[in-house]
Amino acid sequence: MKAAVRLFGALALVVCALLGFAAAFGLAAKAGAGTAEPALATEPPTSTQPPTEPTPTEPSVEPPAPAPIAFGVTVGGVKVGGMMPYRAGKAVLKTYSRPLRLVVDDMRTIDLAPGALGAKPNVPKAVRRARFARPGALVPLDVVVSQARVRTYVDRLGRGTDREALDARIALEGTKPHAVASQEGRHLKRLATGRSIRTAFATNSRAPIRLPYDITKPKVESAELDEAVVILRGSNRLLFFDDAKFVRWFGVATGQAAYPTPLGDYEIVTLQRNPWWYPPPSPWAKDADPVPPGPGNPLGTRWMGLSAPYVGIHGTPDAASIGYSASHGCIRMHIPDAEWLFQHVEVGTPVFIINK
């Protein structure tokens, strides 16, 4: 009985093996039924270069926004702390463009713009320094200043402000004499002025600069107007002033066309009573002889000689010539008028002869 059971089990195993083989053969046949030729196996292509890897792309990074300048920072003395760089640059340039004031004297000043001398501040460089400066830093402002242009300007400035010393004097205003005060002379110190201007522009300083001068004193520092004589050659009149006030006028005779009375500012240099007349070195008097004092003397009884050579104010016995251009250059008066004037003038009295 046991032998029959073992035989049956062996047969079952053989049957299962045959069924499995048949199933495998059927599957292989079904797979090849759709192709005319069996598929050929291909090998992958060979290459001597290593495979190329894709280049990695970096992520785009935005540049950082400019930060404000640290607090307390100055550029060339200009406060730029807390400002953005572009605003700081504008502030520095605006401040630098201010004119420099030159003080000539108490009555006159000159405003000098930096651009007039070509002074150029390097504002971008200074602002770049300021961006990275620590709080409270003092950033310098580099400036280029042309020494040649400053020297040329100072020479021109000196020619316009230099002046000679003037003595106090008596002068005319119209026909009226008045005292003119003295005036100091001055000469601009060129080197010191140029140095001050260059320093101001280089340091961005706009403090006013008082121009330095070498001072020369006048020889006559004061003049007092006492009496004065004004002769109107065109109308043959003599005006007498005392303390700048008109006192009286006289008719006179002045020089004829061939021997005109000279125009100008003179003074009385000699006073003579009952003078001698001596012929002047002139063709009209070459054959004349000196005339002693007396009734026929051409000078009358008084002679007031002027600083103009051979010219004076005097009396005349020829009363008919008064009011005309009849003399040889002198100023003739009626004898009583000449004696009156003689009493009211002195050596140094100013005499003005004008063509009115």
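Which side chain meets that of Lys-189 in a salt bridge? The answer is in point 1; the other points cover further salt bridges, a buried acid, aromatic rings and a small sheet.

1. The model is predicted. In it, the side chain of Lys-189 meets that of Asp-214 in a salt bridge, with 3.9 Å from N to O. The two residues come from distant parts of the chain, 25 residues apart: Lys-189 is in the loop between β10 (185-188) and α5 (190-202), and Asp-214 is in strand β12 (residues 213-216). Lys-189 is partly exposed at 36% relative accessibility, and Asp-214 is partly exposed at 43%.

2. The structure holds 10 salt bridges. One of them is between Arg-332 and Asp-318, whose closest N and O atoms are 3.8 Å apart. This pair also links distant parts of the chain, 14 residues apart, with Arg-332 in strand β21 (residues 331-334) and Asp-318 in the loop between β19 (312-316) and β20 (325-327). Arg-332 is buried, at 15% relative accessible area, while Asp-318 is partly exposed, at 37%.

3. Arg-129 and Asp-142 also meet through their side chains in a salt bridge, at 3.7 Å from N to O. Arg-129 belongs to helix α3 (residues 123-131) and Asp-142 to the loop between β6 and β7 (143-144), so this salt bridge ties together parts 13 residues apart in sequence. Arg-129 has a relative accessibility of 36% and counts as partly exposed; Asp-142, at 28%, counts as partly exposed. Through shared partners, salt bridges join Lys-125, Arg-129 and Asp-142 into one network.

4. Asp-337, in helix α6 (residues 335-344), is buried but has no salt bridge. Why does Arg-248 not form a salt bridge with Asp-337? Arg-248 is the nearest side chain of opposite charge, but it is 4.4 Å away, and a salt bridge needs a nitrogen within 4 Å of a carboxyl oxygen. Leaving aside residues up to four places away in sequence, Asp-337 touches Arg-248 and Phe-250.

5. Phe-250 also appears in an aromatic cluster, together with Phe-240 and Trp-340. There are five aromatic pairs in the structure. Among them, Phe-240 and Trp-340 are edge-to-face, with 5.5 Å centre to centre and 90° between the planes. Phe-240 lies in strand β14 (residues 237-242) and Trp-340 in helix α6, 100 residues apart, and the pair links these distant parts of the chain. Phe-240 is buried, with a relative accessible area of 2%, whereas Trp-340 is partly exposed, at 23%.

6. Is the aromatic pair of Trp-276 and Tyr-278 stacked or edge-to-face? This pair is stacked: the centres are 6.0 Å apart and the planes are 15° apart. Trp-276 is partly exposed, with 42% relative accessible area, and Tyr-278 is exposed, with 55%.

7. Two arginines lie over aromatic faces. Arg-206 is over the face of Tyr-96, at 4.8 Å from the ring centre. Arg-302 is over the face of Phe-342, at 5.4 Å from the ring centre.

8. An open sheet has three strands in the order β2-β1-β6, and its pairing is mixed. Its edge strands, each paired on one side only, are β2 (78-79) and β6 (138-139). Strand β1 (residues 74-75) runs parallel to β6, and two bridges join them. Thr-74 has Leu-138 as its bridge partner in β6.

Notes
Residues are numbered from 1 along each chain as its sequence is written. This is a predicted model: local features need pLDDT of at least 70, side-chain atom pairs count only at pLDDT 80 or more; totals for chains, interfaces and linings use all residues. Side-chain values use heavy atoms; hydrogens and water are left out. Two strands pair if DSSP finds at least two bridges between them. Helices (H or I, at least four residues) and strands (E, at least two) are DSSP runs, numbered from the N terminus. Buried means under 20% relative accessible area, exposed over 50%, partly exposed in between (1.4 Å probe, protein chains only). Lys and Arg count as positive and Asp and Glu as negative; His and the chain ends are not counted. Contact means heavy atoms within 4.5 Å. Rings of Phe, Tyr and Trp (its six-membered ring) pair if their centres lie within 6.5 Å; planes under 30 degrees apart count as stacked, over 60 as edge-to-face and the rest as tilted. A charge sits over a ring if NZ of Lys or CZ of Arg is within 6 Å of the ring centre and within 35 degrees of the ring normal.
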